[in-house]
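Visitor: I am new to reading protein models and would like a close look at a single part of this one. Please take me through it step by step.

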Amino acid sequence: MKAFASQADLEVKKTTFAELAEGVYCLTAEGDPNSGVIVGDDGVMVIDVRATPVMAQELIAEIRKVTDKPIKHLVLSHYHAVRVLGASAYGAENIIASDATYDLIQERGAQDYASEVQRFPRLFKSVETVPGLTWPSIVFKDRLVVRMGNREVHVIHAGRGHTKGDTIVWMPKEKVLFSGDLVEYGATPYCGDAYFTDWPQTLDRLAGFGAEKMVPGRGEALQTPEEVAKGLSQTRDYLSSLAAVVKEGVDAGHDLQQVHEEASRRLAPKFGHWVIFEHCLPFNVSRCYDEMSGIADPRIWTAERDMEMWKALNA
């Protein structure tokens with residue numbers, strides 16, 4: 001059996017800290033999870049805070065190269081551990097999340113923590129420094145407007161897609177959008193907690209903002225409207241291609257292993273070169289198979305369920 005998930009992925013990625021607009025930055029890492037930084041008049045906002053406090057310190061060091069203002073606001077684009085467990089390093093006043101994300105932390109935050117660390121240990125450097133789950137201090141339903149002096153930032157529950165709690169950050173004046181994992185660029189969307197039926201409509205909503213620049217969840221920052229459109233299109237193409245294969249298999253009465261084999265055969269020629277394609281595919285097919293079989297909400301992934309599924313599909 002091939003190595004479980006990305007346990008064998010040990011190559012350290014080069015991080016890049018780049019300015020997208022005045023006082024607006026992103027940290028990208030060759031397909032590892034991205035983070036965003038907004039410098040306001042009175043403080044700093046960080047979007048997706050990295051996986052551990054030690055990894056967060058790397059981002060804080062980059063922030064300190066451009067400003068000495070206090071880091072006041074942390075935004076969780078969704079509940080996955082790799083995005084949220086570094087929060088304690090910042091000493092921020094506010095940790096912001098959608099109400100649906102808060103519900104997910106309550107329901108499955110502990111299980112997700114154990115599951116993700118097992119799947120991709122390289123992304124959790126010094127995981128022993130994590131003090132526990134990250135809990136939001138501000139929970140909103142649809143939209144929260146944060147005024148950072150004269151800078152206005154909209155934190156929006158965009159709709160279900162990558163998870164049920166997906167949150168974007170939109171800067172209407174600068175026309176910069178931070179998408180979280182609703183959009184990936186040259187990287188495979190992780191769909192283990194997804195809503196395949198809803199995700200395309202959520203992408204439509206993102207397209208409607210008319211962003212001129214976008215920071216996807218993984219991959220390079222998108223620096224022009226044309227690149228933004230390409231990122232949305234690539235993500236949509238992957239989702240629709242996978243959903244079509246899985247629905248076809250479910251309708252034909254094929255079991256999960258048969259559907260996984262067919263999805264691998266048909267998707268690999270087009271998407272197999274994307275970052276974490278092999279890591280994501282079993283989880284993605286499993287969730288899509290459930291949804292196409294009538295299981296509306298994602299089942300909780302545990303470390304034990306991860307291994308059982310991987311062994312069954314990769315034996």
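Visitor: In which strand is the place of Val145?

Guide: Val145 has its place in strand β8, so let us start there and work outwards. Please keep in mind that we are looking at a predicted model. The chain averages a pLDDT of 97, and 100% of the residues score at least 70.

Let us begin with the residue itself. Val145 has a relative accessible area of 34%, so it counts as partly exposed. If we set aside residues up to four places away in sequence, Val145 touches Glu152, Val153 and His154. You can also look from Val145 to Trp170: the two are 25 residues apart in sequence, and their C-alpha atoms are 9.6 Å apart in space.

Now for the strand around Val145. β8 pairs with strand β9, residues 151-157, in the antiparallel sense, and six bridges join the two. Two of the bridge partners are easy to find on your screen. Arg147 has Glu152 of β9 as its partner, while Met148 is partnered by Arg151 of β9. Between the two strands of this hairpin there are two residues, and Gly149 takes a positive phi near 70° in the hairpin.

Step back a little and a sheet comes into view. β8 belongs to an open sheet of five strands, in the order β8-β9-β10-β11-β12, with mixed pairing. β8 (143-148) and β12 (213-216) are the edge strands; each has a single partner strand, so one side of each has no neighbour in the sheet. From one strand to the next, the twist averages 20°. Here is a general point to help you read any sheet: in a regular strand, the side chains alternate between the two faces.

Next, let us follow the contacts of another residue, Met45. Met45 sits in strand β4. Not counting neighbours within four places in sequence, Met45 is in contact with Gly36, Val37, Ile38, His73, Val75, Val146, Met148, Val153 and Val169. You have already met Met148 as a bridge partner of Arg151, and Val153 as a residue that Val145 touches. Is Met45 buried or exposed? Its relative accessible area is 0%, so Met45 is buried. As for distances along the chain, Met45 and Leu177 are 132 residues apart, with 14 Å between their C-alpha atoms.

Met45 also brings us to a second sheet. This open sheet has seven strands in the order β1-β2-β3-β4-β5-β6-β7, and its pairing is mixed too. Its edges are β1 (16-21) and β7 (138-140), each with a single partner strand, so one side of each is without a neighbour in the sheet. On average, neighbouring strands here are turned by 20° against each other, direction ignored. Within this sheet, β4 and strand β5 (residues 71-75) pair in the parallel sense over four bridges. The bridge partner of Met45 in β5 is His73, a residue that is also on the contact list of Met45.

A helix lies across part of the seven-stranded sheet. It is α3, which crosses β6 (94-98) and β7 and runs at about 95° to β6. α3, residues 99-119, has a helical partner too: its axis and that of α8 come within 8 Å and cross at roughly 45°. Therefore α3 and α8 are oblique to each other. At their meeting place, Ala114, Ser115, Gln118 and Arg119 of α3 meet Ala303, Asp306 and Met307 of α8. Among the elements of the chain, α8 (residues 303-314) has the lowest mean pLDDT, 95, and β4 has the highest, 99.

Our last stop is the largest nonpolar core. This core has 38 residues, and Val46, Ile71, Leu74, Tyr90 and Phe283 touch the most other members. Helix α1 (residues 53-64) gives the largest share, five residues. Leaving aside neighbours within four places in sequence, Tyr90 is in contact with Val46, Val49, Arg50, Ala56, Leu59, Ile60, Ile71 and Leu74. Apart from this core lies another, of 37 residues, including Ala194, Val259, Cys288 and Tyr289.

To return to your request: Val145 is in β8, and β8 stands at an edge of the five-stranded sheet.

Key
Residues numbered from 1 in each chain as written. Predicted model: local features only at pLDDT ≥ 70, side-chain atom pairs only at ≥ 80, totals over all residues. Heavy atoms only, no water. Pairing = 2+ DSSP bridges. Axes fitted to C-alpha atoms, helices over the stretch in contact; angles between N-to-C directions. pLDDT = per-residue confidence, 0-100. Core = buried A, V, L, I, M, F, W, Y, C linked by side-chain atoms within 4.5 Å. Buried < 20%, exposed > 50% of the residue type's maximum accessible area, 1.4 Å probe, protein only. Contact = heavy atoms within 4.5 Å. Parallel < 35°, antiparallel > 145°, perpendicular 65-115°, else oblique.
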